[in-house]
Amino acid sequence: MINSTSPEFQRLKERLDISVAFSERYEKSLAICYLRITALPKQQKGETTGNLSDWFQSEVDSLIRNIDTLEKVNNTDFILILTDITENECEVVLSRIIGTLNKLELKPMQRVTFGANIGVCMFPYGSAQKGNLVQFAKKQMEEAVINNRAISMYRPNKNEDEIRQSIIRNDLPAALQNNQLSVVFQPQLQLNTKKIIGMEALIRWQHPALGKISPVEFIPYAEAKGLLDSLFQWVFEEICKKIEKLKNYNISINLSVNQLLSSGLELFITNMADKYEVDLSRITLEITEEIGLYSSNKVLKRIKNLKLLGIKLALDDFGKGYFSFADFINFPVDIVKLDKSFVTSLASNSHLKKAILPIIQMAHFLGFKVVVEGIEEYRQLIDWEELKCDIVQGFFISKPLTLDEFIVDISKIEHRVNGLL
Ligand code: C2E
Ligand code: MG
Ligand code: MG
């Protein structure tokens with residue numbers, strides 16, 4: 001039996017702390033699974049459970065990766081930590097584990113059948129707090145037993161979700177005034193020179209009670225509350241204040257389509273540039289390709305005006321599907337930023353390389369630079385270098401950094417990547 005002073009418990013706690021830290025640092029999800037082996041009543045307890053749990057431990061060890069952890073709680077219960085895994089992938093791994101159990105016949109003549117009830121808590125997910133992950137998973141396993149299900153995923157109940165959403169909605173306006181927002185910078189590496197040439201500015205919200213809230217979660221509320229303009233203006237001014245410290249690097253700032261069309265945009269930008277003496281040719285505005293859905297004359301005029309100020313324009317998350325071929329040819333942007341999904345698809349299907357190459361060649365032919373984001377592995381870096389992509393961005397090069405981290409780490413990052421290319 002595992003208890004809080006046992007070496008097994010300490011080992012489990014350490015592994016869990018490391019996995020949670022990894023998950024937070026690299027923005028990857030993690031699954032904490034509580035497994036209970038079950039057997040039909042024919043099983044003669046005492047006689048088989050000891051052997052069974054040893055056998056089970058070695059079977060599962062062969063199904064999981066080195067970075068995963070399996071710890072025995074007692075003869076029937078186990079805790080499994082799966083690092084860097086999505087909910088779907090987790091279900092696949094768990095189904096395999098159940099499959100091996102189902103096949104097991106300890107006493108062929110008696111045909112004893114084994115199975116498992118597994119409770120899963122994904123991190124980060126909903127409001128599950130770091131300290132309670134194992135308890136959530138165990139509670140979920142008990143739910144699985146009651147409902148006679150093999151796998152049961154913890155889902156924050158609707159109420160908790162609604163409470164969280166209403167906190168986010170209500171507190172967002174004050175976040176701007178209360179200094180809860182910050183900007184982090186994700187380096188961008190130019191492949192032909194092997195130099196970091198710029199960065200993408202990404203907004204962060206540290207909520208006093210809820211902790212870090214992703215922009216993916218709060219930007220839609222900001223939009224619904226008409227706060228996107230203030231948010232953009234805040235980010236833009238932050239960058240203007242800091243740009244001097246960022247030497248000659250280019251800085252990309254995200255802009256939603258509605259803001260691109262909002263009336264005072266050029267005036268605001270020129271005022272900021274005058275106030276902080278900013279060379280606007282160092283700034284790129286990233287707009288998502290939904291822009292293709294908007295009235296093109298108005299959009300084109302705005303883009304041309306911004307370009308007259310010296311600003312560059314990038315089409316963000318390109319390839320998600322809104323943009324038509326004609327838009328692609330006619331849009332006067334400078335950069336096409338391929339969506340992360342291209343990187344994931346290429347990793348799982350190498351034939352796609354042949355299909356992606358002409359897209360990149362066409363973008364080059366039209367005078368665009370091609371950036372790809374979401375590079376997470378060495379192999380992906382090499383693939384996109386072979387595809388003649390111009391600039392890469394992703395966790396493999398660097399996670400988003402604070403300004404101070406950026407300044408300190410930049411030469412280390414360049415040195416490391418140069419050693420690999
Ligand atoms: P985006 O502009 O496409 O930004 C890239 C997102 O991918 C960022 O998430 C970044 O942290 C993440 N990312 C970077 N490298 C990797 C990687 O290797 N793998 C994976 N899986 N992800 C990676 P983040 O910071 O959570 O931002 C999400 C989205 O929120 C952004 O997508 C952008 O659309 C929006 N956003 C962020 N900051 C702002 C802002 O200041 N204004 C506006 N309007 N939107 C923003
Ligand atoms: Mg972006
Ligand atoms: Mg993007």
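## Helix α9 and its partner

In this predicted model, helix α9 has twelve residues. At 1.5 Å a residue, α9 should span 16 Å. The C-alpha atoms at its ends are 17 Å apart, so the expected span and the model agree. Just past the helix comes E277. The phi of E277 is positive, near 50 degrees.

Which helix packs with α9? The partner is α7, residues 228-242, while α9 itself covers residues 265-276. Two packed helices are described by the angle between their axes and the distance between the axes. For α7 and α9 the angle is about 25 degrees, and the axes lie 10 Å apart. Angles under 35 degrees count as roughly parallel, which makes α7 roughly parallel to α9. Their crossing is right-handed.

## Helix α13

Helix α13 runs over residues 352-365 and holds 14 residues. What span should it have at 1.5 Å a residue? The expected value is 20 Å, and the end C-alpha atoms of α13 are 20 Å apart, so the two agree. G367 comes just after α13. Its phi is positive too, at about 90 degrees.

## Two domains

The protein is divided into two parts. Domain 1 takes residues 7-157, and domain 2 takes residues 164-420. How far apart are their C-alpha centres? The distance between them is 39 Å.

## Around ligand 1

Ligand 1 is surrounded by 21 residues. The closest are L202, I203, P215, G394 and F395. Three elements give two or more residues to this shell: β7 (195-207), α6 (215-224) and β11 (312-318). Which of the elements gives the most? That is α6, with three residues.

The shell around ligand 1 is mixed in character. Nine of its residues are nonpolar, six are polar and six are charged.

## Backbone exceptions

Most residues other than glycine have a negative phi, and most peptide bonds are trans. Where does the chain depart from the trans form? The peptide bond from F123 to P124 is cis, with omega near -10 degrees. P124 sits in the loop between β4 (114-123) and α4 (133-146).

N148 has a positive phi, near 55 degrees, and is a residue other than glycine. N148 is in the loop between α4 and β5, the strand at 151-153. E277, which follows α9, also has a positive phi, near 50 degrees.

Conventions:
Residues are numbered from 1 along each chain as its sequence is written. Chains are lettered from A and ligands numbered from 1 in the order in which they are written. This is a predicted model: local features need pLDDT of at least 70, side-chain atom pairs count only at pLDDT 80 or more; totals for chains, interfaces and linings use all residues. Helices (H or I, at least four residues) and strands (E, at least two) are DSSP runs, numbered from the N terminus. The expected span of a helix is 1.5 Å times one less than its number of residues. Domain bounds come from an automatic or database domain assignment. A residue is near a molecule or strand if its C-beta atom, placed from the backbone, lies within 6 Å of it. Ala, Val, Leu, Ile, Met, Phe, Trp, Tyr, Cys and Pro count as nonpolar, Asp, Glu, Lys and Arg as charged, and the others, Gly among them, as polar. Axes are lines fitted to C-alpha atoms, for helices over the stretch in contact, and angles run from 0 to 180 degrees between N-to-C directions. Angles under 35 degrees count as roughly parallel, over 145 as roughly antiparallel, 65 to 115 as roughly perpendicular and the rest as oblique. A crossing is left-handed if the near helix is turned anticlockwise from the far one by less than a right angle, and right-handed if clockwise.
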